[in-house]
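Student: I'm new to this one and would like a close look at a single part of it. Could you pick a spot and then walk me outwards from there?

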Amino acid sequence: MTDRKALIDKLKQGNAPALARAITLLEEGELDIPSVDQYIGATGKAVRIGVTGPPGAGKSSLIDWLIKHIRNSGEMAGVLATDPSSPFTGGAILGDRIRMQHHFLDDKVFIRSLGSRGAQGGISRITRDAAHLMQAAGYRFIILETVGVGQTELDIMNIADTVLVVLVPESGDFIQAMKAGLMEIADIFVVNKSDREGSKQLVNALKLLAETSQPGHDAWEIPIMLTNGLDGSGTSELFQTIQKHIEFMESHKETALFLRKRLHGLKQLIVEQLSVRINSAVNAEVPEHYKKELSDPSISLYSIFNRIMHDRDFTAQILK
Ligand SMILES: Nc1nc2c(ncn2[C@@H]2O[C@H](COP(=O)(O)OP(=O)(O)OP(=O)(O)O)[C@@H](O)[C@H]2O)c(=O)[nH]1
Ligand SMILES: [Mg+2]
């Protein structure tokens, strides 16, 4: 475990190769954050910005601009890009590198594409844990990019404090498929490709959608921003709006929205960690101890299950 401690100490000093190595260990299922939490200790504050939307909407291009604004504000920026459809390598990853190459030589910018090489809990867990390590390494802004709207992407967006849903005039099908789900995950709508025909109409349509389906009173009203990922227009306003959302969340810590995000994360952590322990308890306790019952077909699996649930050795393994 001392090598883990050394690695985390290095990473906490902002050492990028140590951070990269630790993230690789996460991907390989070789690093478990709860068990090294005491080495990580208190981390500085960080904001997780989720960026999602249909393929090719301009997410990476916008992130490139956001990095520029973050760096101008004097903070370090980190990006974690996930494309579950191509977990190891793939077009999107190469594309992301090219799109964000403006920051290639800036050692205060850390860009990483994530894949899952069999770690339990999959890519959303790796993303969450990698973001935590980046936070420990001093990154104040951590951007999470995902493509599409599957359960994995939603899980990743649930990790984020501020979620941008990037849409373009051609996103009709995407909006249809998401409907209420869009309102649920979005904190800010971004209509990108403002140079394209139909972008203003999309802004108006989204305004209508936001007005008719929002709860009102002191809830956050979803802003709709118009941007251009090629020349950057609208992106500094977008960065200001992100900062407004962060301030809103910080001043409404007791409201349902803030607590819902935190509670979601905590529930996920409990379920995920317990299922790892249950798995190892099942493997350690069940085969030997219940061999006799299992080989007797007249004993139902339900009755064996009920006995296991009252087996102190078994439950002790899970809770130890
Ligand atoms: N016309 C126009 N093209 C844009 C704009 N923003 C980005 N693009 C182009 O759209 C294409 C896709 O941009 P990306 O930034 O890679 O989009 P993405 O959403 O990250 O794509 P995936 O990660 O593959 O889903 C690229 O060719 C960009 O140059 C824009 O505002 N206007
Ligand atoms: Mg991209």
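Tutor: Let's start with one side chain in this predicted model: leaving out residues up to four places away in sequence, aspartate 129 touches Leu26 and Ile33. You'll find aspartate 129 in helix H6. Is it buried or exposed? Its relative accessibility is 5%, and the cut-off for buried is under 20%, so aspartate 129 counts as buried.

Helix H6 is a handy place to begin, since H6 (122-136) is one of the elements that give two or more residues to the lining of the largest pocket. The others are helix H3 (33-40), strand E1 (47-52), helix H11 (235-251) and helix H12 (256-289). Which of these gives the largest share? That is H12, with 8 residues of the lining. In total, 30 residues line this pocket, and its volume is about 1000 Å³. If you want to find the middle of it, look for Arg48, Gln135, Ile159, Asp161 and Arg262, which lie nearest the centre. The lining is a mix: 11 residues are nonpolar, 8 are polar and 11 are charged.

Where does the pocket sit with respect to the domains? Domain 1 covers 42-252 and domain 2 covers 266-319. Both of them give residues to the lining, so the largest pocket lies between the two.

Let's stay with H12 for a moment and look at alanine 256, which belongs to that helix. Alanine 256 has a relative accessible area of 62%, and exposed means over 50%, so this residue is exposed. Its C-alpha atom is 9.3 Å from that of alanine 219, and the two are 37 residues apart along the chain.

Now move from the pocket to the strands, beginning with E6 (188-191). What covers the two faces of E6? Ile188 and Val190 are on one side, Phe189 and Val191 are on the other, and all four are buried, so both faces are covered. E6 also has paired strands to look for. It pairs in the parallel sense with strand E5 (residues 162-167), over 4 bridges, and there leucine 167 stands opposite valine 191. E6 pairs in the parallel sense with strand E7 (residues 224-226) too, this time over 3 bridges. In that pairing, valine 190 stands opposite methionine 225.

Follow the chain out of E6 and you come to the loop that leads to helix H10 (199-213), which is where lysine 193 has its place. Look at its backbone: phi is near 65 degrees, a positive value in a residue other than glycine. Lysine 193 is partly exposed, with a relative accessible area of 21%. Carry on into helix H10 and you reach serine 213. At 40% relative accessibility, serine 213 counts as partly exposed as well. Serine 213 and glutamate 184 are 29 residues apart in sequence, and their C-alpha atoms are 9.9 Å apart in space.

There's another strand pair to visit. Strand E3 (residues 109-114) has 5 of its 6 residues buried, so the rest of the structure largely encloses it. Strand E2 (residues 77-82) runs parallel to E3, and 6 bridges join them. One match to find by eye is alanine 81, whose bridge partner in E3 is serine 113.

Just before you enter E3 there is a loop, coming from helix H5 (91-99), that holds lysine 108. Unlike the buried residues of E3, lysine 108 counts as partly exposed, at 37% relative accessibility. What does lysine 108 touch, not counting residues up to four places away in sequence? The answer is Arg71, Met76, Ala77 and Tyr139. Take Ala77 from that list: it is 31 residues from lysine 108 along the chain, yet their C-alpha atoms are separated by 6.5 Å.

Finally, step back to the whole chain. There are 15 helices and 7 strands, and 47% of the 320 residues are buried. Of the contacts with a separation of 6 or more, 76% are between residues 24 or more positions apart.

Notes. Residues numbered from 1 in each chain as written. Chains lettered and ligands numbered in written order. Predicted model: local features only at pLDDT ≥ 70, side-chain atom pairs only at ≥ 80, totals over all residues. Heavy atoms only, no water. 1 Å grid on protein atoms, 1.4 Å probe; cavity = no way out; pocket = protein on both sides within 12 Å on 5 of 7 lines; lining within 4 Å. Points joined across faces, edges and corners; volume = space filled by probe spheres on them. Nonpolar A, V, L, I, M, F, W, Y, C, P; charged D, E, K, R; others polar. Domains from an automatic or database assignment. Buried < 20%, exposed > 50% of the residue type's maximum accessible area, 1.4 Å probe, protein only. Pairing = 2+ DSSP bridges. Contact = heavy atoms within 4.5 Å.
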